[in-house]
Amino acid sequence: MVLDIVPGNFFTPFTEGNPMQIIFVAVLIGIAMLILGNKATIAAAFVEQSNYIIQLIMEAVSSFVPVFVFGSILNMILGNNFSVFLPAYKVVLVMLMGDAVLLAVYLALVCTRRKVNLLGLLKKMTPTFLIALTTASSSAAFGVNMECCEKDLGIDRRIVNFGIPLGQVIFMPGVSVMFLAVGFCMAEIYGVTVSPAWLATAVLIAIVLAVAAPPIPGGALTCYTILFVQLKIPMEAVAVTIALNVILEFITTAVNLFCLQAELVELAAGLDMLDVGKLREKKHERI
């Protein structure tokens, strides 16, 4: 699989529609543009404008996803195939367990290394978490997230202004857990053999797709086909997964922002740009 990621030339990934090779080419070109800097301003402007166009098209396509989900579920009901949804609850359970472990690790890391009271830290981070959990939108929680990181967690404004906008786009640990849970459970439902090599592939694909997923509502939907193709899962699983995604996105958004706040605390501390006193004080003590 690793060797297949590297294409023979720059054109075959697009003509053959190989998603992993397309991502590889995109990363390679991006690194080259960063190294060239001002020498590639025209190319950078072209890429940026192309990105706006693609995002607009994807937002328009995403607006038809509910119709697709309804049609797929109706087709399964009429074809007496609705039983495939019954074991799909395992996806939610596995993802919740994975997210619980992830949140516990981040909380333990911050509380232990920064000597912070657990309940006090949770009280400060809960508002952002709840907004993300109830809206499934990182944009809706953006203002509260900025205020929490700077005023409650004591993170320097320079890191907040840079880290949150960037982190909400590419830092997606909750999405990685979701892709792993979906891949593992769908493999079990459709009888796909799970081996150590398969698990290693699943972890790699989940991490790559979490970063590559478009930062728009329903952006993860575009990645399920790539995930299933690489893991040899039948495409029939797409309809089931898209229906479940309505629920999964609420959880993943909240987990992403929670982990981002903890990550920024550790980053600020490492750069000596963290107000530890503000981080440790109780929220109601500050005037």
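Is F11 buried or exposed? In this predicted model, F11 turns out to be exposed, at 64% relative accessible area. F11 sits in the loop that runs between helix 1 (2–5) and helix 2 (12–16). It has company out there: V6, F10, F11, F24, L28 and I29 make up a nonpolar surface patch of about 580 Å².

Helix 6 (residues 89–114) is a good place to look next. With 26 residues at 1.5 Å a residue, helix 6 should span 38 Å, and its end C-alpha atoms are indeed 38 Å apart. A good number of its residues are tucked away, with V91, V92, M95, D99, L102, L103, Y106, L107, V110, C111 and R114 buried. The cover over these buried residues includes helix 7 (118–135), helix 10 (173–189), helix 13 (237–270) and helix 14 (276–280). Right after helix 6 comes K115, with a positive phi near 55°.

Salt bridges come next, and the structure holds five of them. One pairs E188 with K90, at 3.2 Å from N to O. Since E188 belongs to helix 10 and K90 to helix 6, this pair ties together parts that are 98 residues apart in sequence. Both partners are partly exposed, E188 with a relative accessible area of 46% and K90 with 26%.

At R113, R114 and E266, salt bridges link up into a network. R113 meets E266 at 3.4 Å, N to O; with R113 in helix 6 and E266 in helix 13, the pair ties together parts 153 residues apart in sequence. E266 also forms a salt bridge with R114, the closest N and O atoms being 2.9 Å apart, and this pair likewise ties helix 13 to helix 6, across 152 residues of sequence. E266 is buried at 12% relative accessible area, and R114 is buried at 17%.

Helix 13 is also home to T253, which is buried with a relative accessible area of 11%. Setting aside neighbours within four places in sequence, T253 is in contact with A132, A136, S137 and S138.

As for the cysteines, the structure holds zero disulfides. C223 is in none, as the nearest cysteine sulfur, that of C185, is 18 Å away. Why is C259 not bonded to C149? The C149 sulfur is the closest cysteine sulfur to that of C259, yet at 13 Å it is too far for a bond. Neither C223 nor C259 is out on show: C223 is buried at 3% relative accessible area, and C259 is buried at 0%.

Terms used: Residues numbered from 1 in each chain as written. Predicted model: local features only at pLDDT ≥ 70, side-chain atom pairs only at ≥ 80, totals over all residues. Heavy atoms only, no water. Patch = residues over 30% accessible without salt bridge, like charges linked within 9 Å, V, L, I, M, F, W, Y side chains within 5 Å. Areas by Shrake-Rupley, 256 points an atom, 1.4 Å probe, with all protein chains shown as cover. Salt bridge = Lys/Arg side-chain N within 4 Å of Asp/Glu carboxyl O. Helix = DSSP H or I, 4+ residues; strand = E, 2+ residues; numbered from the N terminus. Buried < 20%, exposed > 50% of the residue type's maximum accessible area, 1.4 Å probe, protein only. Disulfide = S-S within 2.5 Å. Expected span 1.5 Å × (residues − 1). Contact = heavy atoms within 4.5 Å.
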